[in-house]
Amino acid sequence: MEKNELNSEDRDQVILHIINKDKERLNHANSHLGKESTQKIRPSFWSEMATSKKKIFWTDYRNLVQNNDSISLIMVPAWGVIFPPYNLARLTGLLRNFGYTVYNFDVNVKAYHYLKNNELNYWDSQYYFKWSDPYYNSEIHVELKNLYDDYIDQILAKNTKYIGFSLYLTNLLPSLYFIRQIKIAAPDKVIIVGGPQVFNTWFDSLIHEEHNLPRGMINYVIKGEGEQQLLTLIENHD
């Protein structure tokens, strides 16, 4: 894309622009990621069990156990709205493949439609600062609180043991609200967080000191790619 071709830094608008430019080259056959292949791919995930002969891979181990655990994966605003959250989709497919029950709650896209008639589009990049203090609580949270509380009731109704959030700069404050309310209502829930925001060295002080989240409300922080870590955590948690 040529410099200044698109007068926007909004991620969704840039992706949509690229898709529109390339749509003549795209069709159902070539739009899938990767190449067609008949070769069977063996997942490299393993259960961290080992024998004297070999390590036991998940594809071997999964048939030996009944996976009764379940998890809810939550995406709260603000995030992109032109496609589903691919991180949650990836983890959902992986966990379901190994026998776990997974529920997804895309609160972000519901909130977008809930507020789309507002004068300001809070999902536009020029307004992303509104998702931080001091603007968020006075402008956005008051409008979305009822929607949030409805979703918290739905999440708790699923009665999943684990509840996971992917944290970004723009969805940190809504995520902390969800975590706080869920833990107050159901202290036994296991809260797991990942995402770019947890990589920051100041993450601990940010959530506990600046935003006053009580320690213990977040049970696990996953830094890095979450697939193997999440599988290992759930398998070995008890």
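# Close-up views of the predicted model

**View 1. K130, a lysine in the loop between α4 and α5.** The model shown here is predicted, so local features are given at pLDDT of at least 70 and side-chain atom pairs at pLDDT 80 or more, while totals for chains, interfaces and linings use all residues. Numbering starts from 1 along each chain as its sequence is written, and side-chain values use heavy atoms, with hydrogens and water left out. Helices and strands, numbered from the N terminus, are DSSP runs (H or I, at least four residues, for helices; E, at least two, for strands). K130 has a relative accessible area of 11%, so this lysine is buried (buried is under 20% relative accessible area, exposed over 50%, partly exposed in between; 1.4 Å probe, protein chains only). Setting aside residues up to four places away in sequence, K130 touches L120, Y122, Y135, Y136, E139 and I140 (a contact is heavy atoms within 4.5 Å). The loop between α4 and α5 is also the place of P134, and the peptide bond from D133 to P134 is cis, with omega near 5°.

**View 2. α4 packing on α5, with an angle of about 145°.** The two axes lie 11 Å apart (axes are lines fitted to C-alpha atoms, for helices over the stretch in contact, with angles from 0 to 180 degrees between N-to-C directions). On the α4 side the contact is made by V107, K110, A111, Y114 and L115, and on the α5 side by E143, L144, L147, Y148 and Y151. Sort these by class and you get 8 nonpolar, no polar and 2 charged residues (nonpolar: Ala, Val, Leu, Ile, Met, Phe, Trp, Tyr, Cys and Pro; charged: Asp, Glu, Lys and Arg; polar: the others, Gly among them).

**View 3. Helix α6 and what surrounds it.** Its 14 residues (172-185) should span 20 Å at 1.5 Å a residue, and the end C-alpha atoms are indeed 20 Å apart, which agrees (the expected span is 1.5 Å times one less than the number of residues). Of those 14 residues, 10 are buried, so α6 is largely enclosed by the rest of the structure. The buried set is L172, L173, P174, S175, L176, Y177, F178, I179, I182 and K183. These residues pack against β3 (70-75), α4 (107-115), α5 (135-158), β5 (162-166), β6 (190-194) and α7 (203-210).

**View 4. Zooming in on L176 of helix α6.** With 6% relative accessibility, L176 counts as buried. Beyond its neighbours within four places in sequence, L176 is in contact with I207, H211 and L213. Take H211: L176 and H211 sit 35 residues apart in sequence, yet their C-alpha atoms are 8.5 Å apart in space.

**View 5. E227 and R90, a salt bridge between two helices.** A search of the whole structure turns up 4 salt bridges (a side-chain nitrogen of Lys or Arg within 4 Å of a carboxyl oxygen of Asp or Glu). In the one shown here, the closest N and O atoms of E227 and R90 are 3.0 Å apart. E227 belongs to helix α8 (residues 226-236) and R90 to helix α3 (residues 86-97), so the pair ties together parts that are 137 residues apart in sequence. E227 is buried at 14% relative accessibility, while R90 is partly exposed at 44%.

**View 6. D149 and K145, a salt bridge inside helix α5.** The N to O distance between these side chains is 2.7 Å. D149 and K145 are 4 residues apart, which puts about one helical turn between them. Both ends are partly exposed: D149 has a relative accessible area of 22%, and K145 has 35%.

**View 7. D204 and R215, a salt bridge from helix to loop.** The closest N and O atoms here are 2.9 Å apart. D204 lies in helix α7 and R215 in the loop between α7 and β7 (220-221), so the pair ties together parts that are 11 residues apart in sequence. At 37% relative accessibility D204 counts as partly exposed, whereas R215, at 55%, is exposed.

**View 8. Backbone details in three loops.** The peptide bond from P77 to A78 is cis, with omega near 5°, and A78 lies in the loop between β3 and α3. N159, in the loop between α5 and β5, has a positive phi, near 55°, though it is not glycine. N212, in the loop between α7 and β7, is another non-glycine with a positive phi, about 60°. N159 is exposed at 57% relative accessibility, and N212 is exposed at 52%.
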